[in-house]
Each structure stands twice: as C-alpha cells, then as structure tokens.
Amino acid sequence: MAKPKALILTGYGINCDEETRFSFEIAGAHATIIHINDIIENKSLLNSYQIFAFPGGFSYGDDTGSGKALANKIKYNLYEEMMSFINRDTLMIGICNGFQVMVNLGIVPALTQPIGNVEVSLEHNTTFRFQCRWVDLRINLHSNCVFTKGIDTLHIPVAHGEGNFVASQHIIDTLSKNNQIVMHYIKPDGTLAQGQFPYNPNGSMMDIAAICDTTGRIMGMMPHPERHIYFMQRDDWTYLRELSKRQQKEIPQYGEGLQIFKNAVEYYK
Amino acid sequence: MELARYRIEIYYTIPDSRGTVLQQKLQRLGFPVSKCIRTDNYLINIPLNDSQIEKVARALVQPVTQNYTINKPYAPSDFRYVVEIGYLPGVTDNVAHTTREIIEDTFKIQCDPEKCVFTSSTYFFWGELKIDAIHEISLELYNPLIQRSLILSYDEYIKNGGMGNAIPVVTLHEDTKAEVVSLDVPEDELIALGREGIKNPDGSRRGPLALDMLSLEAIKKYYRDIEKRNPTDVELESIAQTWSEHCKHTIFAAQLDNIHDGIFKHYIKEATLRIRREKGKHDICVSVFSDNAGGIEFDDDYVIADKVETHNSPSALDPFGGAITGIVGVNRDAIGFGLGSKPVANRYGFCFANPFDTKPLYKSKDPNSKMLSPRRIMEGVIHGVNVGGNCSGIPTPQGFVYFDDRYKGKPLVFVGTVGLIPKKIKGKSSVHKKAMPGDNIVMVGGRVGRDGIHGATFSSEALTSGSPATAVQIGDPITQKKFSDAIVKEARDLGLYHSITDNGAGGLSCSVSEMAREAGGFIVYLEKVPLKYPGLAPWQIWLSESQERMTLSVPDETLEDFINLMKRRGVEAWVIGKFTDSGRGIVYYNGEIVFNIDLHFLHEGLPQKTLTSTYTPKSHPYHEFDDPENITEHFIAMVKRLNTASFEFISTQYDHEVQGNSVIKPLQGKGKVNGNATVIRPLLQSTKGVVFSQGLYPSYSDIDTYWMAACSIDTAIRNAVATGCDLDKLALLDNFCWCDSTNPYRLGQLKEAARACYDFAVAYKTPFISGKDSMFNDFKGYDEHFNEVFISVPPTLLISSIGVVSDIAYCQTLDFKNAGDYIYILGITRDELGGSEYLAYMGETLSGERYIGNTVPHVDTIMNTKVYRVIEKALRAGLIASSVSIERGGIALAIAKSAMGGLLGAHIDLQAIPQENIYRNDTLLFSESQGRILVSIAPENKTQFEKLCKDIPFANIGQVTDNSLIRINALNGNEIVSVSVIDLHSAYKSTFSEF
C-alpha cells in the first residue's frame with residue numbers, strides 16, 4: 001500500500017516542523033511541511049492528506065497565552081476544512097505548542113458535540129519557568145489512542161513554559177473514565193510522579209502529559225517524541241552504550257519516540 | 001496621554017503560578033508580601049462595537065482558568081498596593097502586536113501597528129507593605145528605561161476606578177529635515193562635536209559621534225578638498241557609525257608600537273593565513289573574517305558557520321532587552337552568512353558580578369541613578385537569552401557563567417550562533433555573494449523607529465550618566481523567525497536574491513554601504529523606509545537600529561516573486577533603492593539629496609590610529625599558608641564556588657533539544673553535571689557532528705595576558721578533543737572584551753594576548769575564523785558611599801572552539817560509568833596555581849580577599865598535541881568510558897564532576913599523578929596546569945589503552961567505586977579527602993538554588 005501522507009504545519013513561529021517531518025519519514029510516511037497561509041490559500045490541500053501534525057514551537061511567541069493566536073487564525077480562516085478533515089478517517093497529532101493550539105481549538109479532548117469547546121487548559125508551569133528536560137512517561141494501555149499502541153513507557157524530553165494541565169474535576173473524571181488520558185509523568189521507578197518536580201515538570205493535574213479525543217485518532221501531548229528518534233539523541237546514551245558493551249548487547253540505533261510515528265503509519269496498513 | 005477606548009483585564013479564576021512564584025521571590029528578598037495576583041491588560045483603541053470587543057476578549061482569555069472584564073476594574077478586595085507596568089512610548093510590545101493580528105484575523109480589518117493595541121500587567125499585593133517597600137518591589141518588576149509604572153494604594157485604586165486607559169502613543173513634533181553641519185569651527189567645538197554629538201537647535205546635543213580629532217580632521221579635509229561643502233547631519237552620523245570602534249575595530253587596526261599593520265592583521269588574521277597555507281589540502285576554512293560569520297567545511301556538501309558577539313553595554317542598562325537583542329541579533333549573523341545559513345545552535349557566555357552582592361553602584365551622585373544590582377542583571381540577561389533562543393526554535397546547548405566582582409559596572413554578555421548551509425545552491429557557491437548594480441535594495445522584517453540610535457557609537461564609550469536610553473531595544477524573535485524561515489528555507493533555494501546582510505549596528509547606513517562594496521554604489525530613498533511612527537529625522541531613519549531587519553539585493557527579474565513570497569509568509573518587505581556601480585552612496589529624502597559620499601572614503605578614509613603600549617607582567621605578593629591536613633572541607637567548598645557550581649538552572653531553561661540535534665548535552669550523567677563541551681548533529685540523516693566549547697581565564701590576566709590567552713586556546717581545544725573532536729577539524733573564534741583601551745598598560749596587555757593568539761593557534765593549527773571585540777568595558781560612577789569609582793572588567797578573552805566530529809559515536813561524556821573502572825590522568829601537573837580558583841578561594845577564606853599568585857599555567861603545545869592525539873585514537877577505538885578535560889579547579893574538580901555525573905565513588909592516590917616538583921597535596925589537586933585530561937577505562941581495555949599512551953605522561957591514579965565515597969590519599973599515604981558523592985552533589989547544586 002502507498003505510504004500515508006502527513007502534513008506538517010509551519011509558519012508564525014512553529015519551529016519543530018523539520019524534525020517532525022523527519023520522524024514521519026523515518027516511520028514510513030510521506031511527510032510534507034506546508035505553511036499555514038498556503039493551506040488558507042488552497043484549502044482543498046487538506047483533502048489529499050491522512051495525517052495532520054501541529055508541531056511544537058512558539059507560534060506567535062506564546063503572546064496572549066500559548067497556542068491562542070494560532071488557534072484564532074485557524075478558527076477564522078480554516079475551521080470548516082479542519083473539521084471536515086477530522087471527520088474523515090484521519091489522524092491528528094499536536095506536540096507541545098501544537099497540543100496547546102489543539103486545546104484552544106477544542107479539538108482535544110472534544111468531549112461534547114459539536115466539538116470546538118475549550119475544555120482544558122495548559123497553564124504556566126508551576127515553576128513559572130521554561131523547562132527543558134527528559135521525562136519518563138507511562139502509557140495508558142486501556143486507551144484507544146492510535147499513536148500509543150503497543151507502547152508501555154517512553155523516555156523523551158519536554159521543553160515548554162506552559163504545560164501545566166488543568167481542568168475541572170468533572171472533566172478529569174470523564175477523561176479518566178473514557179481512558180482519554182494517554183500519558184502520565186512517572187518517576188524513574190515507574191510510580192506516578194504525583195506532582196513532584198522534576199518528574200512532573202510542570203505541575204500537571206494527575207501527572208497528565210497527553211490526552212486524546214474520544215475516537216483515539218487525535219492526540220495532544222506536551223513531551224517531544226520527535227526528539228527521540230535515534231538512540232544517540234537520548235540524554236543517557238553514553239551510559240547505556242557502556243552498559244550494553246559490557247553486557248555484550250547490541251547498541252540500538254533507533255529511539256523510543258519513533259513508535260509514536262510508526263503507529264500512525266501502521267494505522268493505514 | 002491618549003486614552004484607549006477599551007481596557008480588557010484578564011484574571012485567573014484558579015491560583016496563578018506567576019503570582020505565587022513572584023510572592024515567594026519577594027519574600028526571599030525580605031518583603032512581607034503575603035499574596036500576589038497578576039492581571040494581563042489589553043488597551044485597545046479601535047472603533048469596535050460591544051459584541052466585537054467581547055469577541056476580542058474571548059479570544060484573549062483561557063475560559064477554563066481565566067475570566068475578563070471590559071472597561072471595569074478587576075478590583076480584588078483589600079489588597080495593599082497595586083503596581084501597573086506598561087511600556088514607554090515607542091518600545092516594542094510584542095504581545096500587543098500579536099493581539100493586533102488576532103483582531104485583524106477575526107474581523108478581517110487592518111489596524112495601525114503602533115497606535116491600536118497596548119498591553120500592561122498589573123500586580124496586586126497583600127501584606128504589611130509600606131510605600132517605600134512597594135517602590136522597591138516595583139523596581140524588581142520593571143526597568144524605567146523602557147517601561148513605566150503606576151503605583152496605587154487600595155483606596156486610590158477604588159477612587160480612581162482602576163488603573164485607567166492611558167496608552168503610550170509616540171508623538172514626535174520634530175523637524176524632519178536634514179541639516180548641514182559646519183566643520184569650520186574652533187577646535188574645542190569640533191572636539192565637542194565628536195564627543196557629544198551634533199547640536200540641536202535648543203543647544204542640547206544628539207549624543208556621541210565618538211569621533212576623535214584625527215578622524216574629524218580627515219572628514220573636514222575630505223569635505224573641504226573633495227566635496228567642497230560641509231557635510232549634512234546624515235552624512236556625518238553615518239561616517240561616525242561606519243568608523244566607530246564597534247564597526248571598524250580601530251584599536252585592532254591601529255599601528256601599535258612597531259606593529260604597523262595592527263594586531264588584528266598581524267596576529268589573528270596572519271595566524272589563519274599561515275595555518276591555511278600549511279594545512280594545504282586539509283584546510284578546513286571556507287570563509288574567514290569577510291562575512292557576518294566564519295565558515296568551515298562540515299562535509300562534502302555543507303558548510304558550518306559560527307559567530308560570537310558581545311552585547312555588554314545594552315545589557316548593563318536593560319539586561320533582558322540587551323540579552324534578547326544580542327541573541328536574536330547574532331542569529332542574523334548566521335542568516336546573513338553567505339546566501340543565508342540556517343541557525344542550528346546558539347552559544348552563550350555571561351560574566352557577572354556576585355549576584356549576592358547587594359551594595360549599590362550609582363551612575364552619578366544622584367541617589368536615583370542607581371545601577372541595576374548584579375542579581376537583577378544576571379536574572380535579566382539569563383531570561384533574555386531564554387526568550388530569544390527558545391522562541392526562535394534554535395537549540396542553546398553550549399555556554400558558561402563566570403563571576404568576578406569587576407563585572408559589577410558592566411556585565412559581559414557573549415552570544416553566538418552556528419549556521420548550516422549547503423555549499424552549492426542552484427549550482428553556484430552559496431558562500432560567496434555579490435550584490436549587482438541594478439539590483440533592488442530590499443529591506444525585510446520590522447519597521448523603523450528611534451530604537452537603538454547611536455548603538456554602535458555608544459558601545460565604543462565607557463558607561464557614564466550621559467548614556468542614551470534610546471540605545472536599548474527589545475527583540476522580537478517571532479518577526480525574525482518568520483523571515484528567517486522564508487529566506488533560508490525558501491527564497492534562498494529559489495535563487496531569488498544575489499546578496500544578503502544583517503541590519504545590526506548602524507542600521508541601514510551600515511548594511512547598505514557594506515553591500516554596496518560588492519556592487520559599487522547605491523541610491524536609497526529614505527521616504528520609502530517604513531516607519532513605526534512619524535517624526536523621524538532622515539538621519540534617524542538611516543541609522544536606526546530597530547531590530548529584526550535584513551537587507552537583500554534582489555534583481556528586477558525575481559523582485560515580484562520575492563515580494564510575493566514574503567507576503568505569503570507574513571513578512572513585510574520594502575524596496576528602498578537600487579545598487580549602482582557609481583562608486584558613490586546617494587540618499588534622497590523626499591526628493592532632496594541628503595547624503596552623497598564617495599564610498600571609498602566612507603570605507604577606507606578612516607585614518608589609522610597610532611598607539612603605544614607599555615607592558616610588564618605584574619608580580620603579586622606571595623601568601624604563605626599551610627597545605628591543609630584534611631582537604632575534605634576545601635574539596636566541598638571548591639565545587640560550590642560561583643565559578644564551579646552547577647548552573648543547571650540555566651541549562652534547563654534553554655531548550656537544547658529543539659531540532660532534535662542534541663548529541664552531547666549541557667548536563668551529563670545521572671547527576672546532571674555541567675559538561676564543558678556539547679555536540680550537535682545538524683543533519684539528522686548524517687552521523688557527523690559539530691562540537692562546541694570555549695576557554696576563558698580572566699583571572700590569569702592579572703598575572704600575564706600572554707599565558708591567559710594561551711590557556712584559553714588550549715582549554716577551548718582540549719575540551720572539544722576530550723569530547724570527541726579531532727584536533728585537525730577544529731577552528732577558533734576570538735572575543736576580546738577589554739577595558740580602558742586608551743591606557744598604554746591595557747594596550748600592552750592586549751598586544752601580549754594577541755601575540756599568544758598567533759603563537760598557539762599556529763602551534764595547534766587551529767585557525768581563527770571570526771571574532772569581535774569590545775574595548776571599553778569600564779564603569780565610571782559612585783559606590784554605595786558615593787565615592788567615585790572606576791571599575792574596569794579584567795581583560796577578558798573568550799576563545800570559542802567549533803569543530804566537526806567525524807562520527808558522533810566517538811563522543812563521550814564526563815560521568816564515570818561503572819564501578820571498577822580505572823581512572824587515568826593524561827598530561828603533567830605542575831605547580832601552576834597562579835590565578836587559580838583555589839588561590840582565590842583560599843585568599844577569600846583566609847583574608848577576605850582573593851589571592852592571585854604568580855605561577856600562571858604555561859602551555860606546552862608539543863606535549864599537549866601528543867596527549868590530544870592519544871585521546872582521539874582511544875575515543876575512536878571505543879576504549880574510554882568517561883572523559884573530562886581538566887580546567888578551572890584542577891584535578892579535584894574533574895574527579896568531582898565525573899563522580900557526581902555518574903553518582904559513583906572514586907578512590908584516588910595523589911602519589912601516582914605525573915607531576916613536576918610538587919610537594920603539596922593542595923597544589924596537586926587544584927593546580928590548573930593545561931593539557932590534562934581525566935578518563936576512566938574499563939578493566940578489559942586497560943592494556944590496549946596503556947599501549948596507546950606509551951609516548952605521553954600518563955598514570956592510573958585510582959579506581960571508580962560503588963561505595964559512593966570520593967576518597968583521596970595524600971602524597972604521604974594518609975587519607976585527606978573523604979566525602980560522600982551525594983553530599984558533594986547537593987553542595988554542587990546548592991549555590992544557585994534560589995535562581
């Protein structure tokens with residue numbers, strides 16, 4: 001079967017587009033970076049893609065609150081097309097700033113119909129400081145999320161100033177019940193971070209790092225899987241290499257984040 | 001002040017971490033703040049109706065956690081004081097710009113970018129606060145040079161009905177004509193003209209031209225003999241910019257004693273020429289000293305460019321603005337390299353005074369002229385690079401902080417950017433560019449205001465009370481990100497332009513005249529330059545340093561495509577003139593010629609200065625103290641010095657993972673210890689890497705600047721080699737930050753440092769590819785008792801290294817990996833404690849003042865080269881389990897870092913260390929002898945590793961242990977250090993724990 005086509009959005013301060021495209025390509029997709037203005041100019045472009053990615057970055061410099069301005073631009077220029085894209089059998093992923101944009105568009109968690117209501121928030125980190133560090137994540141095995149199939153834990157970096165997941169108790173309960181909470185921050189020993197810094201780097205309620213919509217086809221996540229495609233991107237690779245050498249094990253080539261993108265490609269097989 | 005129609009206040013309905021973090025900080029600083037709440041305010045002066053403004057408010061609010069009011073104060077109950085911070089007229093307000101775009105997107109309208117939207121933040125405080133305290137608190141929140149504050153008590157706030165709708169619109173009512181400046185004036189008037197600037201009609205002066213008599217006489221002669229008229233103000237200001245120390249490096253170009261061609265040509269450039277000649281076909285240089293950055297070969301298809309800038313003076317006045325402008329500005333050096341390289345990494349380096357020093361400095365005898373405290377400067381600078389780097393999507397892996405009280409008057413802020421560019425684009429070299437006669441001069445990016453006028457001439461002067469506040473600008477990384485992507489990722493590869501350069505110091509006046517050297521001349525129409533607000537005089541438009549602008553030369557054939565592409569990418573671009581081959585630069589303003597100069601005179605007319613220097617290395621008193629019987633306490637104290645402690649809080653707030661290119665990270669091992677080199681992989685599909693490091697030893701300058709420079713070069717190289725780079729693939733960058741550079745002694749120190757640059761670069765065959773100097777880092781003012789002080793930074797030379805790693809799999813980190821591994825030291829330890837961190841520590845501990853000493857480390861390049869070759873081979877063979885270059889703090893710090901990195905113990909025997917004539921344990925542990933590397937080796941690799949080492953001094957000095965203790969045996973066999981790695985680690989991390 002032909003490679004699925006992934007559209008990687010760019011423009012206005014999005015900045016993780018190239019590595020996101022690279023990740024999809026390594027995973028076996030045909031990925032293209034397209035400027036938002038080119039989509040607005042030619043809206044039917046969306047029709048030929050199966051996967052849409054909102055990459056990380058600083059759209060509009062996070063001014064007025066992360067993700068808001070880009071969400072507003074989409075809302076007033078591309079909303080219907082975005083909705084009809086979602087209504088097809090498509091996949092959508094938002095990473096970091098992309099997650100923030102999706103939240104502000106109401107694409108995730110999208111608990112009520114019609115979708116488009118802002119139901120959760122990604123607030124300033126409780127440290128009120130940008131945090132770039134590697135975190136450990138546990139995947140909710142009961143989630144129907146397409147992107148995390150077959151993954152139980154992930155070691156990937158976060159890099160954000162506003163990733164503190166906040167929602168009402170009611171929404172949190174619903175997300176839990178629906179298994180829409182896809183990833184939790186955990187300690188290296190595998191137990192929940194329980195809000196403890198730096199394991200939970202931002203203060204997120206219930207250590208939430210990623211959520212999906214009810215269909216499992218749309219996921220938003222704060223950490224960056226596209227930054228751990230190769231083994232030698234990880235923070236502890238020189239240590240693990242040494243360990244492998246002494247145990248005469250093979251040194252891996254790929255990294256843990258790659259499976260997220262492979263799962264997207266796999267969905268179309 | 002004008003009033004806005006609408007004021008939207010956004011407040012949190014849940015606890016806001018911004019308020020909490022601020023309250024905790026203020027409490028730490030001693031203010032009894034019990035609670036703090038912040039609101040974000042948008043002042044909107046657009047004729048919208050009620051439902052429209054509601055729609056705007058809804059676009060600005062996060063409905064889950066926030067709510068808003070419109071034209072109604074938020075008014076929380078019973079607070080003590082409220083402080084509102086907004087910008088002064090004309091200061092870049094990025095959030096306001098985004099808000100305007102939101103409004104334009106929503107209603108499909110166009111609004112005036114400078115008049116419609118303004119933002120402010122309001123802080124409500126609770127607690128037993130007096131008015132004095134709230135004034136002090138407000139100074140923590142804002143900088144009077146760029147912002148305004150309004151403080152109200154609760155009662156005043158209620159009476160006033162909130163904070164009001166005043167907006168800082170720029171209103172200028174100045175004459176906007178060019179003027180003729182007469183040079184036929186008495187000598188004292190001419191001196192005043194050079195020093196204080198052109199006279200305004202009211203008798204005040206515009207600010208320094210920084211032209212000395214020699215230059216003024218040359219200008220006078222040119223106008224009298226050649227032009228046969230007096231210059232216009234546009235011309236004179238422009239010449240002053242072009243000839244400034246900042247742009248022309250007049251001191252490095254001056255005849256210094258018997259060095260007729262100047263120390264830059266004689267030492268720095270000549271070193272590179274010689275190395276390139278000697279390396280022949282192994283030459284790595286592609287473009288040196290001629291472009292915005294220097295370039296070396298990355299692989300067969302790509303070039304890597306590097307540039308390190310300083311932004312010291314602006315950062316002293318507005319640390320945040322100065323630093324963000326610095327980093328975003330040096331990004332443009334990468335974007336302006338060749339036809340445009342893509343920024344792939346940032347570097348930083350900060351020299352600060354002790355941030356815990358609370359004694360104030362004053363610019364004048366006026367108590368209101370207080371300088372920002374070292375802590376404020378440090379926080380602001382760190383934050384500026386944070387926002388600039390992170391928002392631009394450029395990783396910032398490599399950097400350092402260094403502390404010395406002599407940076408209290410002026411901090412040093414080094415910022416660098418590395419770019420990647422294909423060697424060929426459309427079949428032509430991308431590194432060489434040429435603006436052609438007939439090409440259109442196109443300016444892209446932001447509009448022009450009065451920002452940064454006199455920036456270049458200002459930084460050529462010492463910081464005194466006359467420094468203009470207009471020298472401060474605020475960067476806008478998103479505007480730049482937009483054109484950076486549009487140019488480097490699209491227009492460049494479509495071949496839409498012939499040449500490109502950055503608009504930095506001197507603004508258009510410098511960028512256009514620089515590019516005109518390629519074409520041969522230019523004509524510019526100043527009225528075509530887009531302004532932020534009316535009222536700018538032609539000289540201001542020509543010289544403005546408004547940020548985020550580049551100048552390109554675009555031929556007629558591709559002009560339409562270029563302009564269209566920019567438009568589609570949300571980038572503003574304007575044609576402002578044409579390049580010509582007339583040999584002259586001509587500028588019109590509303591039909592009148594305001595500038596008409598021979599370009600050769602503009603570029604080459606600056607008379608060479610003649611300077612003389614005197615130099616004798618200083619000898620310092622010898623302070624005798626006993627070799628401590630137990631060194632444990634000193635060992636712990638030495639890992640938590642300002643200059644050795646963890647600066648993890650900086651590393652983790654700078655995104656070093658973006659672009660996915662990070663290989664060797666700023667924090668290494670389980671213990672997250674700051675390494676001294678980092679590696680990136682700029683092309684994800686390639687296994688080649690690029691290593692960055694640096695060397696900097698200002699304390700050695702107190703003894704001998706020759707060896708200071710030698711050690712800086714050796715360290716920059718050694719750090720890179722220890723991490724995995726081949727010596728043959730390394731290049732260097734120099735940044736001289738000197739002081740009082742008209743003083744013959746300082747010039748003597750400078751000459752010695754430059755001479756060492758030649759000697760050691762040549763010895764290691766590591767060429768200089770780019771550099772920048774900043775010669776007057778002095779502060780003239782008053783101390784806390786209003787006694788006059790003159791504080792000069794210690795002569796500071798930053799040597800940055802950049803090199804290509806042939807396979808990133810050869811790279812290694814500093815952390816011990818496994819108990820049982822053998823610890824080796826390579827290289828010889830000598831009695832070289834002069835200028836060391838240990839002597840400074842001992843002096844401060846024993847006498848309250850640092851000791852300096854005299855035995856500054858020397859550099860043996862022949863021996864060191866052998867050591868570095870061994871490391872290269874051993875890393876390639878995969879024999880090394882951890883590797884760290886020994887620098888500040890000596891062997892002790894290297895052992896501590898490797899142990900803390902691996903969270904493993906070590907048992908060391910000082911007797912085993914290869915050394916010369918050392919009888920003291922502390923000297924062995926803390927001497928900063930160059931050329932040494934500490935590695936750990938798995939037992940099974942021992943024989944093979946030792947075989948590689950047979951021609952160099954080396955020794956197995958101990959073993960990695962899993963008992964989590966660092967134990968060191970003295971020369972007499974006694975145990976003199978025994979410390980738990982966990983305790984050491986928490987000491988290491990404690991120093992900056994409140995930042």
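This is a working chat about two sheets, one loop residue and the chain contact in a predicted model.

Student: Before we start, what kind of model is this, and how are residues and chains labelled?
Tutor: It is a predicted model, in which local features need pLDDT of at least 70, side-chain atom pairs count only at pLDDT 80 or more, and totals for chains, interfaces and linings use all residues. Residues are numbered from 1 along each chain as its sequence is written, while chains are lettered from A and ligands numbered from 1 in the order in which they are written.

Student: OK, what is the strand order in the open sheet of 7 strands?
Tutor: In chain B the order is 19-21-18-22-20-23-24, with mixed pairing; strands are DSSP runs of E with at least two residues, helices are runs of H or I with at least four, both numbered from the N terminus, and two strands pair if DSSP finds at least two bridges between them.

Student: Which strands are at the edges?
Tutor: Strand 19 (499–502) and strand 24 (592–598) of chain B, each of which pairs on one side only.

Student: And how do strand 23 and strand 24 pair?
Tutor: Strand 23 (residues 584–589) of chain B pairs with strand 24 of chain B in the antiparallel sense over 6 bridges, and one bridge joins B:Arg584 to B:Asp598 in strand 24.

Student: Which helix packs on that sheet?
Tutor: Helix 8 (residues 233–242) of chain B does, touching strand 23 and strand 24 of chain B, where a contact requires C-beta atoms, placed from the backbone, to lie within 7 Å.

Student: Switching to B:Val170, where does it lie?
Tutor: B:Val170 is in the loop between strand 8 (166–167) and helix 6 (187–196) of chain B, and it touches B:Pro89, B:Gly90, B:Glu114 and B:Tyr533, leaving aside residues up to four places away in sequence.

Student: Why is B:Val170 called partly exposed?
Tutor: Because it has 17 other C-beta atoms within 10 Å, whereas a residue is buried with 20 or more and exposed with 12 or fewer.

Student: Last topic: how many residues does each chain put into the contact?
Tutor: Chain B gives 51 residues and chain A gives 53 residues.

Student: Which element of chain B gives the most?
Tutor: Helix 3 of chain B, with 8 residues on the side that touches chain A.

Student: What about polarity on that side of chain B?
Tutor: The residues there divide into 18 nonpolar, 21 polar and 12 charged, with Ala, Val, Leu, Ile, Met, Phe, Trp, Tyr, Cys and Pro counted as nonpolar, Asp, Glu, Lys and Arg as charged, and the others, Gly among them, as polar.

Key:
Contact = placed C-beta atoms within 7 Å. Axes fitted to C-alpha atoms, helices over the stretch in contact; angles between N-to-C directions.
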